[in-house]
Protein chains: 2
Amino acid sequence: MKLVTRDTDYAVRALVYMAQQRGRLVTSREMVDELRIPRAFLRRILQQLGRHAVLKPIKGKMGGFVLSLPAEKIRLTDVMRIFQGSLEISECMFKKQVCPNRARCFLRKRIVSIEAYVVNQLRAISIASLLTEAR
Amino acid sequence: MKLVTRDTDYAVRALVYMAQQRGRLVTSREMVDELRIPRAFLRRILQQLGRHAVLKPIKGKMGGFVLSLPAEKIRLTDVMRIFQGSLEISECMFKKQVCPNRARCFLRKRIVSIEAYVVNQLRAISIASLLTEAR
DNA sequence: CAAAATGATATAAATATAGTATCATTTAAC
DNA sequence: GTTAAATGATACTATATTTATATCATTTTG
Ligand code: FES
Ligand code: FES
């Protein structure tokens, strides 16, 4: 049971690293070396973060990435949503099909209320808050 | 992000159904018909519940299953553990490998504390408590 | 002994996660 | 203006997990 997948985790590591650089331009190559994340995988992750405007890509030679928001404003939930889709922990067990079980679905209601708490807690985690921990 | 997998869900439905029968012997065939769960799948699920002593199998013609515990004592977490293994929501992103990232793992600590709450909430859900909802 | 149940277990299919690879485009420096 | 070093887009592969299915053995009642 994994709340956070590997790409979210890698993305967070990269974002924390970038935040530590205080606005310095950082290349994917540098982060691959520093963070020991598979190259092609990290590249794709950074591209996705770029598309969602979490970081600002700078193209061409001497290019790289910078955060496009202050680290306080990047929340774990934002990152999770990019890589893991909806945060519904209470996702219907028969996703995508017409659920044949609504009537007998005793569990969902219970889980929905737990979910609210979890999402709130996750939302409270920002890159900045992880940063203070990192030093 | 699914907190509960399909087999756990099926198991819970079956257990709730059995609880409703107040000790009457129930066959897998009957539950397949009532609950619309794929036959072979439900059979295997019941076997697993039997192995873990959640229900008592009665072999031979006229056989079937009965709960081996009062419905109040069967907790969702028990069922989840059978079908989903550990309840660690904070499972290391690099499970099974020697984690190459402990030093940079900022997230795990945070998630561990969320996990404690979630597991407590789930533990409070018993088959009996779902039963009252079911009517 | 036959029928109706469960036990054990192997296998397959579908989906999700994790990772790779390739080629195109942009930009700076020479 | 060519080359090198960066990102963009996107297709592909591999692995693991989830969701089943299928088969044969064993037990028990009538
Ligand atoms: S299984 Fe569909 S709503 Fe619960
Ligand atoms: S990634 Fe291994 S402990 Fe966090």
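## A guided tour of two protein chains and two DNA strands

Begin with the largest nonpolar core of this predicted model. The core holds 91 residues, and those that touch the most other members are Leu3(A), Leu15(A), Met31(A), Leu49(A), Leu3(B), Met31(B) and Leu49(B). Select Leu15(A) next and display its surroundings. Leaving aside residues up to four places away in sequence, Leu15(A) is in contact with Leu49(A), Val54(A), Leu55(A), Leu67(A), Ile74(A), Val79(A) and Ile127(A).

**Chain A as a whole**

Now show chain A as a cartoon. Its secondary structure consists of six helices and two strands, and along the sequence these follow the order α-α-α-β-β-α-α-α. Chain A has 135 residues, of which 52% count as buried. Of the contacts in chain A that link residues at least 6 apart in sequence, 64% join residues at least 24 apart. Switching to a surface view displays an accessible surface of about 7,200 Å² for chain A, with 51% of that area belonging to carbon and sulfur atoms.

**DNA strand C**

Select DNA strand C and the residues around it. There are 28 such residues, and Arg6(A), Phe41(A), Arg44(A), Ser28(B) and Phe65(B) come nearest. Within 4 Å of the protein, 59% of the atoms of DNA strand C belong to sugar or phosphate, and the rest to bases.

Three side chains deserve a stop here. In Arg6(A), a polar side-chain atom is placed 2.7 Å from a phosphate oxygen of DNA strand C. The side chain of Arg29(B) has an N or O atom 3.3 Å from a phosphate oxygen of this strand. For Arg43(B), the partner is a base oxygen of DNA strand C, 3.1 Å from an N or O atom of the side chain.

Colouring by element shows where this surface comes from. Two or more residues are given by each of helix H1 (6-20) and helix H3 (39-51) of chain A, and by helix H2 (28-35), helix H3 (39-51), strand E1 (55-58) and strand E2 (64-67) of chain B. H3(B) provides the largest share, four residues. Coloured by class, the surface near DNA strand C comprises eight nonpolar, eight polar and 12 charged residues.

**DNA strand D**

Move on to DNA strand D, which has 27 residues around it; Ser28(A), Phe65(A), Arg6(B), Arg44(B) and Gly60(B) come nearest. Of the atoms of DNA strand D within 4 Å of the protein, sugar and phosphate make up 59%.

Select Gln47(A), where a polar side-chain atom lies 2.9 Å from a base nitrogen of DNA strand D. At Arg29(A), an N or O atom of the side chain is 3.3 Å from a phosphate oxygen of this strand.

The elements that each supply at least two residues to this surface are helix H2 (28-35), H3, strand E1 (55-58) and strand E2 (64-67) of chain A, with helix H1 (6-20) and H3 of chain B. H3(A) gives the largest share, four residues. By class, the surface near DNA strand D contains seven nonpolar, eight polar and 12 charged residues.

**Last stop: Ser28(A)**

Finally, centre the view on Ser28(A), which is located in helix H2 of chain A. An N or O atom of its side chain is 2.7 Å from a phosphate oxygen of DNA strand D. Is Ser28(A) buried or exposed? Ser28(A) counts as buried because its relative accessible area is 17%, and buried means under 20%. Apart from residues up to four places away in sequence, Ser28(A) touches Leu42(A), Arg43(A), Leu46(A) and Phe65(A).

How values were computed:
Residues numbered from 1 in each chain as written. Chains lettered and ligands numbered in written order. Predicted model: local features only at pLDDT ≥ 70, side-chain atom pairs only at ≥ 80, totals over all residues. Heavy atoms only, no water. Core = buried A, V, L, I, M, F, W, Y, C linked by side-chain atoms within 4.5 Å. Buried < 20%, exposed > 50% of the residue type's maximum accessible area, 1.4 Å probe, protein only. Contact = heavy atoms within 4.5 Å. Areas by Shrake-Rupley, 256 points an atom, 1.4 Å probe, with all protein chains shown as cover. Near = heavy atom within 4 Å. Polar contact = N/O pair within 3.5 Å; in protein donor to acceptor, adjacent residues only side chain to side chain. Nonpolar A, V, L, I, M, F, W, Y, C, P; charged D, E, K, R; others polar.
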